[in-house]
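Visitor: Pick one part of this model and take me through it up close. Once I have that in my head, walk me out into the rest of the chain.

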Amino acid sequence: MKNLINILVVTFTLCCSSCADLDIASDGRVSLNDIFNRYERTSAYYSNCLGYMPQVGFTYENTNTPLASFCDEAHDANDNQDGPVSKWYKGYTTPEYNPLTASYMDPWSHYFEGIRRCNTFLLCINDPEMATYTFNEVEKNGWIAEVRVARAFYYLQLIKRYGGVPLIETPYETNHDFSTDKRASFEECADFIISECDKALATVESEGQSIGFRWQINDNERGKLTRAFACAVKSQTALYAASPLWNENGSSKYTWEKTTEITKEALDLCLQHGFELYSQAPDPAIAQNAYAYYFITRSDPSRSWDRETIYETTSWRSNVWKFAGTPITNGMEKAGAGPSQELVDSYEMIDGTQPILGYSDAEHLRPILNTASSYDPKNPYANRDPRFYASVYYNGTIRYLDQPNGDVVETYVGGNCGISDKVTDIRYTRTGYYMRKFNNFKSGIGQDADGLMRIFRLAELYLNFAEAAYQAVGPDGQVVSKVGAEALSARDAVNKIRVRAGIPALSSGMSKDSFEKRYRNERRVELAFEEHRFFDVRRWKILNETDDFVTGMKIVKEEDGTFTYNRIKLASRGTNADKYLLYPIKQTEVAKMLKHTGANWQNPGW
């Protein structure tokens with residue numbers, strides 16, 4: 001500790017929301033001793049440790065574009081405008097320039113900065129010579145638990161993108177030997193993340209109090225990390241560690257059996273503490289169904305009505321109306337992320353049958369129709385999964401729910417929202433569809449009522465468990481709870497999601513392979529546009545199958561008023577090679593560590 005740099009490099013105003021009565025030195029810097037011997041300063045430093053939580057949404061590269069545009073969920077109308085979307089689609093990504101990270105946020109530096117702050121806090125708050133203020137032990141231990149979980153979450157964000165990274169648990173001292181640094185394996189990072197969450201969850205509970213590490217928080221504590229957040233981090237970490245990208249040969253300790261145990265406990269603990277899927281039916285003049293309403297409303301941290309959300313983006317609304325809007329929306333700027341035909345094909349019929357079973361050609365222009373379903377290729381949007389209507393604007397959609405006889409979305413050629421292949425026309429869809437999820441139809445100039453993205457919600461925990469369980473014990477194998485909750489099978493967990501959505505449950509007796517197809521489809525539909533699909537196709541190692549191109553639907557209105565539906569293939573992107581399984585590490589960082597350690601830290605293919 002004596003060799004630790006004891007002066008913060010940044011001004012204290014970055015760490016504290018108020019600098020009144022802090023006696024800060026004239027150069028704006030303050031020593032760590034001066035922070036941790038004062039309650040206000042320590043509290044501010046703790047808050048700053050949580051300040052690296054991502055604001056997910058339409059945020060990538062200052063183009064107001066969601067991550068969906070960079071995978072097979074959508075194709076962006078900015079595809080031919082000079083900028084990140086175009087460069088991603090044209091395969092211009094290099095270790096020097098990554099369209100996903102170049103100016104919005106570089107995850108490597110952002111999250112390691114957050115980790116550095118967490119390390120400093122944890123070291124200082126536990127040093128009696130440094131932290132001389134007499135803190136309330138419940139509050140102090142709550143801070144420590146939250147900062148541990150924040151650090152674990154930051155590591156999870158890093159390994160999802162880069163694979164194994166250096167595990168730095170304490171601040172570097174002034175004489176740190178950088179030649180000793182090494183990249184930990186993905187498994188070692190997962191061990192650390194889960195261990196940190198377990199240590200936080202072992203903190204004595206303080207339910208009923210307004211301080212400490214709790215399950216229940218108040219509405220004025222938005223952004224505070226809870227025990228449920230720690231459970232969600234554990235669940236996602238274990239699932240990723242067991243997935244083919246990191247456990248292809250079965251040598252990882254994160255077997256599907258172990259992951260089933262971790263994900264089941266995480267789910268059960270949340271269920272036991274009052275979390276449940278949102279199912280309140282809205283007024284049909286406000287939203288089409290509970291799923292639609294959930295995504296246009298803001299969560300309440302006290303969980304008085306929203307008991308599904310575990311953690312939500314704290315400040316940035318999605319602004320779908322503006323950055324992925326329909327041209328008939330006053331004030332919209334661009335069509336943005338147009339849902340792909342592949343995603344639309346994934347939505348089942350209302351009776352639970354799959355309309356499309358695959359494609360008979362490599363370009364996805366000849367779908368294999370399920371003759372056992374009621375799907376009509378001449379009326380393709382009728383009688384679909386309710387989540388389809390909540391997530392996608394298609395030809396014939398009523399634009400304003402409180403005006404059933406008002407504007408209708410016309411995506412046919414020449415319609416008011418017609419598909420366009422003009423490279424300079426960014427206000428019209430390339431795929432024949434517009435994004436609807438998160439979009440409140442009332443949003444427009446003067447009223448931004450669109451929803452905020454959830455970073456963690458209970459539905460994901462159900463799906464994480466289901467994936468591990470079907471791999472470990474099959475679709476119907478019952479998994480007993482170790483914390484006193486009900487036994488569940490993988491199929492049971494998926495059916496919880498389906499019943500909430502309003503479609504029939506999956507039947508018993510499915511083979512593992514058949515269930516896997518239905519499970520992956522269910523995950524794709526339920527979590528659409530929520531920053532899961534981009535990572536799912538990578539951890540499943542199916543990127544080469546999904547991300548070369550997407551298709552759309554070009555509709556022509558005939559003279560008699562009928563429509564002709566023509567599938568179209570959009571330009572190949574070239575982003576489905578194996579090297580795209582992981583982000584490239586910045587070449588400057590690679591060169592620096594090569595100099596210090598003699599090891600090349602760059603990811604394969606870059």
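**A hairpin up close, then outwards**

Guide: Let's start with E9 and E10: strand E9 covers residues 551-557, strand E10 covers residues 563-569, and the two pair in the antiparallel sense over seven bridges. Strands (E, at least two residues) and helices (H or I, at least four) are DSSP runs numbered from the N terminus, and strands pair when DSSP finds at least two bridges between them. Before going further: this is a predicted model, with pLDDT of at least 70 required for local features and 80 or more for side-chain atom pairs, while totals for chains, interfaces and linings use all residues. Residues are numbered from 1 along each chain as its sequence is written, and side-chain values use heavy atoms, leaving out hydrogens and water.

To get your bearings on the ladder, find Thr 551 and look across to E10, where its bridge partner is Lys 569. Now go to the turn: five residues sit between the two strands, and Gly 561 in this hairpin takes a positive phi near 90°.

What does UniProt list for residues 319-606? The unreviewed entry gives them as "domain: RagB/SusD"; positions follow the numbering used here, the name is shortened, and an annotation like this may be inferred rather than shown by experiment. In the model, that span is 28% helix and 11% strand, and its end C-alpha atoms lie 34 Å apart.

Carry on past the hairpin and you meet Pro 584, in the loop between E10 and helix H19 (587-597). Pro 584 counts as buried because its relative accessibility is 8%; buried means under 20% relative accessible area, exposed over 50%, and partly exposed in between (1.4 Å probe, protein chains only). Pro 584 also has a neighbour from further along the chain: Gly 605 is 21 residues away in sequence, but the two C-alpha atoms are 8.6 Å apart.

Since we've been looking at a positive phi, there are two more to see, and neither is at a glycine. Most residues other than glycine have a negative phi. Arg 303 has a positive phi of about 60° and is found in the loop between helix H10 (290-296) and strand E2 (309-312). With 7% relative accessibility, Arg 303 is buried. His 364 has a phi near 60°, and you'll find that residue in the loop between strand E4 (356-359) and strand E5 (367-369). His 364 counts as buried too, at 17% relative accessibility.

One more loop residue for the tour is Arg 399, between strand E6 (392-393) and strand E7 (434-435). Arg 399 is buried, with a relative accessible area of 1%. Try drawing a line from Arg 399 to Pro 244: they are 155 residues apart along the chain, and their C-alpha atoms are separated by 42 Å.

Now for the helices. H4 (residues 107-125) and H5 (residues 137-162) have axes that come within 9 Å and cross at roughly 155°. Those axes are lines fitted to C-alpha atoms over the stretch in contact, with angles from 0 to 180 degrees between N-to-C directions. H4 and H5 are therefore roughly antiparallel to each other (over 145 degrees; under 35 is roughly parallel, 65 to 115 roughly perpendicular, the rest oblique). The residues in their contact divide into 17 nonpolar, three polar and four charged; Ala, Val, Leu, Ile, Met, Phe, Trp, Tyr, Cys and Pro count as nonpolar, Asp, Glu, Lys and Arg as charged, and the others, Gly among them, as polar.

H5 has another partner, helix H6 (residues 186-201): these two pack at an angle of about 160°, with their axes 8 Å apart. That makes H5 roughly antiparallel to H6. A handy residue to click on here is Ala 152, in helix H5, which counts as buried at 0% relative accessibility. The C-alpha atoms of Ala 152 and Ala 190 are separated by 9.0 Å, although those positions lie 38 residues apart in the count along the chain.

Last stop is Glu 261, in helix H9 (residues 256-272). Glu 261 counts as partly exposed, given its relative accessibility of 44%. The C-alpha atoms of Glu 261 and Glu 129, 132 residues apart along the chain, are 41 Å from each other.
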